[in-house]
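This briefing concerns a single protein chain. Please consult the sequence and the coordinates alongside the text.

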Amino acid sequence: MTNPTASPPPSTPGTPDAPHAFRSWLHDRSELGVSVLLLALGVLVLTDALTMDVDITQRGPVGPRTVPVVVGIGLLVVAALLAVDVLRGGRGQAEAGEDIDLTEPADWRTVLLLSGVFLGSAVLIEPLGFPAAGALLFWGAAFALGSRRADRDPLIAAVLSLFTYALFDKLLGVPLPGGPLMGVL
């Protein structure tokens with residue numbers, strides 16, 4: 001007689017149950033995807049930093065490669081530590097926030113609107129300049145996230161954009177495209 005409470009034997013690679021078992025194993029260790037993403041990002045950052053064309057006479061004791069190399073190495077270390085933790089059985093804690101309902105589906109409309117706003121501002125920053133593209137970015141993000149105050153949102157977006165432009169371009173010395181409006185302002 002067979003024991004009804006006994007677990008089925010583990011599947012071997014030749015059995016038809018192997019793909020299901022492998023998918024189940026991957027599902028239980030889904031954090032490995034984050035580890036792979038961090039690994040790829042670290043390799044990309046390091047490759048970009050190490051292939052950067054830097055004139056040795058123009059750099060000081062800390063060159064333009066230093067921070068990207070440190071960040072790239074940090075990404076590789078975190079990817080490795082996360083992978084080891086996941087393979088040893090570590091799991092991330094489930095979201096326990098009061099305002100998060102994990103049974104509800106994702107709000108793809110908001111995600112797509114925000115993505116469109118970011119892409120649109122990236123395309124418009126060169127022809128319109130940062131102040132105008134930034135204002136559209138701030139207003140569009142507020143609209144995508146639910147604000148419908150047409151009387152104040154564009155004004156707040158314009159003030160934020162001009163403040164950000166002045167902060168980066170004038171105070172920090174990071175050149176941003178001014179666009180056609182900078183001749184008027």
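The points below proceed from the overall fold to the surface and then to individual residues.

The model is predicted. The protein chain contains six helices and zero strands, and 21% of its 185 residues count as buried. A nonpolar surface patch, a charge placed over an aromatic ring and the surroundings of two buried residues, V117 and D153, are described in turn.

**Overall architecture**

- Read from the N terminus, the order of elements in the protein chain is α-α-α-α-α-α.
- Among the contacts in the protein chain with a separation of 6 or more, 59% join residues 24 or more positions apart.

**Surface**

- The exposed area of the protein chain is about 13,900 Å², of which carbon and sulfur atoms supply 69%.
- A nonpolar patch on the surface is formed by V123, L124, L128 and L136, which together have about 320 Å² of accessible area.
- Helix 4, spanning residues 108-128, gives the most to this patch, contributing three residues.
- L124 belongs to helix 4 and counts as partly exposed, because its relative accessibility is 31%, a value between the 20% and 50% limits for that class.

**Aromatic rings**

- A search of the whole structure finds one aromatic pair.
- The charged end of R148 sits over the ring of F143, at 3.8 Å from the ring centre.

**Surroundings of V117**

- V117 is also found in helix 4; this residue is buried because its relative accessible area is 18%, and the limit for burial is under 20%.
- With neighbours within four places in sequence left aside, V117 is in contact with L136, L137, G140 and A141; L136 is also one of the residues of the nonpolar patch.
- The C-alpha atoms of V117 and F143 are 9.8 Å apart in space, while the two residues are 26 residues apart in sequence. F143 is the residue whose ring lies beneath the charged end of R148.

**Surroundings of D153**

- D153 lies in helix 6, which covers residues 153-171.
- Is D153 buried or exposed? D153 counts as buried, since its relative accessibility is 9% and burial requires a value under 20%.
- Not counting residues up to four places away in sequence, D153 touches W139, S147 and R148. R148 thus appears both among these contacts of D153 and over the ring of F143.

Note on methods:
Residues are numbered from 1 along each chain as its sequence is written. This is a predicted model: local features need pLDDT of at least 70, side-chain atom pairs count only at pLDDT 80 or more; totals for chains, interfaces and linings use all residues. Side-chain values use heavy atoms; hydrogens and water are left out. Rings of Phe, Tyr and Trp (its six-membered ring) pair if their centres lie within 6.5 Å; planes under 30 degrees apart count as stacked, over 60 as edge-to-face and the rest as tilted. A charge sits over a ring if NZ of Lys or CZ of Arg is within 6 Å of the ring centre and within 35 degrees of the ring normal. Helices (H or I, at least four residues) and strands (E, at least two) are DSSP runs, numbered from the N terminus. Buried means under 20% relative accessible area, exposed over 50%, partly exposed in between (1.4 Å probe, protein chains only). Contact means heavy atoms within 4.5 Å. Accessible areas come from the Shrake-Rupley method with a 1.4 Å probe; for residues, only the protein chains shown count as cover. Patches are made of residues with over 30% relative accessible area and no salt bridge: like charges are joined within 9 Å, nonpolar side chains (Val, Leu, Ile, Met, Phe, Trp, Tyr) within 5 Å. A salt bridge is a side-chain nitrogen of Lys or Arg within 4 Å of a carboxyl oxygen of Asp or Glu.
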